[in-house]
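Reader: Could you take me through the salt bridges here, please? I would like a close look at the paired side chains and at the surroundings of the residues around them.

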Amino acid sequence: MRILLGDKLLEFTDEELDYMYIDEGNESEVFRYGDSVLKIYKDYCAKERLGEDDVIYLSNIPTKRILMPREVIRNADTMEFIGYSMPFIYKYPKDVLMKIKMNHFLDELDVIHSDLELLAEHHVDVEDIHIDNVLYNESFFIGDPGSFEIQRDTPAGKIYRNNVYTFNRFVKNDIFPLAKVSKKKIKELDDMFDDYFFIGEQMRYCIPPKETVRQYIKRMTQ
């Protein structure tokens, strides 16, 4: 395979690609290259994907923990846009999230919140977040902008509300169940929090200094 990563020509054999392979989804195959991942689009995808202009636009937004594309990837022979690169982040197993202290967890969520605000200011609706795209390694990252949508004609305030709603639903539907409490208890916990007011701020009240995320969820569902 011959690609242009930005202006840099890269050539990989099939054996090298096998070694670099990380994962794949409906829209792309993912390979590691140094401190980057290369998302190479598949020939067909039923969902709408980021276009070249979208990738360039997103790459210029200086988020801290919601990872943005780095560079455009093109087929070196046809110059066709075929994907983009992103930072590579080592990640711990997702269950580790339950063992970290709540104060640290909420500090990390605050950084995500600032990114959600920044994206809204740039008219980017995050659309979808799920547990497979969360990377935790002492810091909390969201790693796939593939479903983000640039809505230039939508007021930033409305996009911010949508972004907060999407993130809150992610915490409720994907993070809370990791504590392994019953669905009924999760529903009760869900009802305690307003979907349109950032959930990190709602959880900050009355947190014991050494309480973990799991202990917090267990306490709140007693």
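Author: **Charged pairs and their surroundings**

Arg204 and Asp107 form a salt bridge, with 2.7 Å between their closest N and O atoms; the term stands for a side-chain nitrogen of Lys or Arg within 4 Å of a carboxyl oxygen of Asp or Glu. This pair links distant parts of the chain, 97 residues apart: Arg204 belongs to the loop between α6 and α7 (213-220), and Asp107 to helix α3. Helices (H or I, at least four residues) and strands (E, at least two) are DSSP runs, numbered from the N terminus. Arg204 is partly exposed at 32% relative accessible area, and Asp107 is partly exposed at 41%. (Buried is under 20%, exposed over 50%, partly exposed in between, with a 1.4 Å probe and protein chains only.) Elsewhere, Arg169, Lys172, Asp190 and Asp195 are joined into one network by salt bridges that share partners.

Before going on, please keep in mind that this is a predicted model, in which local features need pLDDT of at least 70 and side-chain atom pairs count only at pLDDT 80 or more, while totals for chains, interfaces and linings use all residues. Residues are numbered from 1 along each chain as its sequence is written, and side-chain values use heavy atoms, leaving out hydrogens and water.

Side chains of opposite charge can pair when their charged atoms come close. Across the whole structure, the search finds 17 salt bridges. One of them joins Asp35 to Arg70, whose closest N and O atoms are 3.3 Å apart. Asp35 sits in the loop between β4 (28-33) and β5 (36-41) and Arg70 in the loop between α2 (52-59) and β6 (72-75), so to speak of distant parts of the chain is fair here: 35 residues separate them. Arg70 is partly exposed, at 37% relative accessibility. Glu52 and Arg74 form a further salt bridge, at 2.3 Å between the closest N and O atoms. Because Glu52 is in helix α2 and Arg74 in strand β6, this pair ties together parts that are 22 residues apart in sequence. Glu52, at 25% relative accessible area, is partly exposed.

Strand β6 also holds Ile73, which is buried at 0% relative accessibility. Leaving out neighbours within four places in sequence, Ile73 has contacts (heavy atoms within 4.5 Å) with residues including Ile3, Leu5, Leu38, Ile40, Phe81, Ile82 and Tyr84. Its C-alpha atom is 9.9 Å from that of Leu9, with the two positions 64 residues apart in sequence.

Now to the loop between β7 (81-87) and α3 (102-121), where Ile89 is found. Ile89 is buried, with 18% relative accessible area, and beyond its neighbours within four places in sequence it is in contact with Leu67, Leu135, Asn137 and Phe141. The loop between β7 and α3 contains Lys94 as well, which is partly exposed at 42%.

Finally, helix α6 (residues 199-202) includes Gln202. Gln202 is buried, at 14% relative accessibility. Not counting residues up to four places away in sequence, Gln202 touches Asn168, Met192, Phe193, Asp194 and Phe197.
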